[in-house]
Amino acid sequence: MISKRPLIAIIDDDDIQHYLLTRIIDGHNLAESILTFLDGEKALQFLADNSSTNENIPDIIFLDNNMPIMDGWQFLEEYPSLECKIKKKVHIFMASSSVNPEDIERARNINQISGYIEKPITLDKLKGVIDDLGFF
Amino acid sequence: MSHTIDYKELCSIFPSGYFCSQPDGTIIDVNQKFLELISYTREEVVYKKKFTDLLSKGGEIYFETVYSSILKLSGKVEEINFDFIKKNGTKIPVLINSVEVKDIEGHHVLTYTSVFNISQRKRYEQELLIAKRKAKNLSDDLMQANKVLISNSELIIKQKLQLELNNHLEHKNRQLSSFAHIASHNLRAPVSNLISLNDFYNESSDLEDKAMLFTKIEIVIGHLNETLNELIDSVKIQEDINITHEPTLFKTVFNKTLEILEVQLLDSKALVTSNFSEAPKIEYPKLYLESIMLNLLSNSIRYRSLDRIPKIHFYTEINSNEITLIATDNGLGINLKKHGHRLFGLGNTFHRHPDSKGVGLYMIKTQIDVLGGCIAVESEVDKGTTFKIILKKVSDDK
């Protein structure tokens, strides 16, 4: 049982998504703090820069799959090379508005993914994820 | 020198058959040739057989109805065909000439008949008939084969049409599935945002908060509207297959593009050159060509490298009968290994640029595809990008 609130990162090119999720998470005190990134590359850069500073590394990442510059899939291709440097378990959830079964199947086959969440991300879905991981 | 002709002798050895009969048909005299023809002896025939005894039943009827009446009417009969029945029962086809001999009062007393063996001729006839039948069969076969060929070629044409239809359907299917994909990505996201924002709006009692939420709702509605318009435009293009192709000069369209982008070109200080001499013109929807050139040129300006003077060159080529438009620049380039598969997708951008919307390449690819062309790209990061667009085949009728 981890008796603290998680550090959550949102990787999504849609700033309205940032706003909505932040508002839900803050509104219900679900996170210690929230990091937001507009594309995978920026998030990856942040993780690389902070790989030795555990307290800056998010516990949970909500990763959009459809983004410019570097999309969710490409992020997941690059991430394993960072994973060994990070001394902390990072739970990545792919968040997508795609109802394409191929996307869901593809996500299921990627080790680094802890789950697939269909957008919109609601309070219930957020709580479910955080509770399942044993935070609080 | 004179020679007395022995008529009896002549009659006897004459090379065609001869017999003499009474009006009731009783044969009273024959020559040797006749006996040979029917393989009887003189004793078996003379005063023993009537003309009709040598005929089949059918022959007898013909004798009564045709031969006798002609003879009675005109005193002679020429070239009547009978089959005589020989002693052994076999038939021999003959041609007969007869003439009536009358006494002083005009009574019919005798008939002289000459008989020509026409077995040989009959055989020829038979052979001719067989040959004719064979020829007919052959021509029937040929006609049949021709029919099969025609129906086969019809089948092939039908299959070809079917194939084309299939391809068309497949293409449509792909379009639909990509449309559904785009709709799922680009429409569902803003709609679900709208719903969430609306929920917050309804829950909130703070006026300032409500106002802030409302501006966000407006922004999302704006995005949604833009996306919808883009989708509608692309659907329009896909239905535009029958759009008119007009003779269009590359130079004219390019100059117009330069005018439209004048401000951006001045800002970027780009060096823009062109050479359309290899293929100066094309039969193509002018609107599409304008859109293609505008998108390519504005991309080249937008994604220029700030480290060097932007150089952009547009030119045409004819490669194996196909008119190709090539646009090359020395700009930022794209990592094709990373982004190649999404390059022409809607809403995909690869550079952090405020004007990047990820529409241009999607739109021109749709336009090029619809007209049966194709677009290819070569690029190296920080070296530049080259777009090659096969627009269409050079028509053969020129």
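**Exercise 1. Which residues of H6(B) are buried?**

Solution. The model is predicted, so the positions used here are computed ones.

Step 1. Locate the helix: H6 of chain B spans residues 188–203, which makes 16 residues. From first C-alpha to last, H6(B) reaches 23 Å, close to the 22 Å expected at 1.5 Å a residue.

Step 2. Apply the burial cut-off, which is 20 or more other C-beta atoms within 10 Å of the residue's own. In H6(B), Ala189(B), Pro190(B), Ser192(B), Asn193(B), Ser196(B), Leu197(B) and Phe200(B) are buried.

Step 3. Look down the axis. These residues cover an arc of only 160 degrees, which puts them on the same side of H6(B).

**Exercise 2. Find the buried face of helix H6 of chain A and what it packs against.**

Solution.

Step 1. In H6(A), residues 123–132, the buried positions are Leu126(A), Val129(A) and Ile130(A). Their directions fall within an arc of 95 degrees around the axis, so they line one face of the helix.

Step 2. Turn to the other side of H6(A), where Asp124(A), Asp131(A) and Asp132(A) are exposed.

Step 3. List the partners of the buried residues: helix H1 (15–27) and strands S3 (60–64), S4 (91–96) and S5 (113–118), each of chain A.

Step 4. Continue past the helix. Gly134(A) follows H6(A) and has a positive phi, near 85 degrees.

**Exercise 3. Describe the sheet of chain A and place it in the chain.**

Solution.

Step 1. Chain A holds six helices and five strands, arranged along the sequence as β-α-β-α-β-α-α-β-α-β-α.

Step 2. The five strands of the open sheet stand in the order S2-S1-S3-S4-S5, with parallel pairing. At the edges are S2 (33–37) and S5 of chain A, each pairing on one side only. Between neighbouring strands the average turn is 20 degrees, direction ignored.

Step 3. Take one pair as an example. S1(A), residues 7–11, joins S3(A) in the parallel sense over four bridges, and Ile11(A) has Leu63(A) in S3(A) as its bridge partner.

**Exercise 4. In what order do the strands of the five-stranded open sheet of chain B stand?**

Solution.

Step 1. The order is S2-S1-S5-S4-S3 in chain B, and the pairing is antiparallel. S2 (27–30) and S3 (76–85) of chain B have a single partner strand each, so one side of each is left without a neighbour in the sheet. Neighbouring strands here are turned by 30 degrees on average, direction ignored.

Step 2. Check a pair: S1(B), residues 17–21, and S5(B), residues 108–117, are antiparallel and share five bridges. Phe19(B) is opposite Thr113(B) in S5(B).

Step 3. Add the helix. H4 of chain B, residues 57–74, lies across S3 and S4 (91–102) of chain B and runs at about 160 degrees to S3(B).

**Exercise 5. Set out the burial and contact figures of each chain, with the confidence scores.**

Solution.

Step 1. In chain A, 40% of the 136 residues are buried; in chain B, 23% of the 398 residues are.

Step 2. Among contacts with a separation of 6 or more, residues 24 or more positions apart account for 73% in chain A and 58% in chain B.

Step 3. Chain B, with 12 helices and 12 strands, averages a pLDDT of 85, and 90% of its residues score at least 70. For the complex, the predictor gives an ipTM of 0.76 and a pTM of 0.53.

Step 4. Keep one caution: where pLDDT is low, predicted coordinates should not be read in detail.

Note on methods. Residues numbered from 1 in each chain as written. Chains lettered and ligands numbered in written order. Predicted model: local features only at pLDDT ≥ 70, side-chain atom pairs only at ≥ 80, totals over all residues. Helix = DSSP H or I, 4+ residues; strand = E, 2+ residues; numbered from the N terminus. Expected span 1.5 Å × (residues − 1). Buried ≥ 20, exposed ≤ 12 C-beta atoms within 10 Å, placed from the backbone. Arc of directions from axis to C-beta. pLDDT = per-residue confidence, 0-100. Contact = placed C-beta atoms within 7 Å. Pairing = 2+ DSSP bridges. Axes fitted to C-alpha atoms, helices over the stretch in contact; angles between N-to-C directions.
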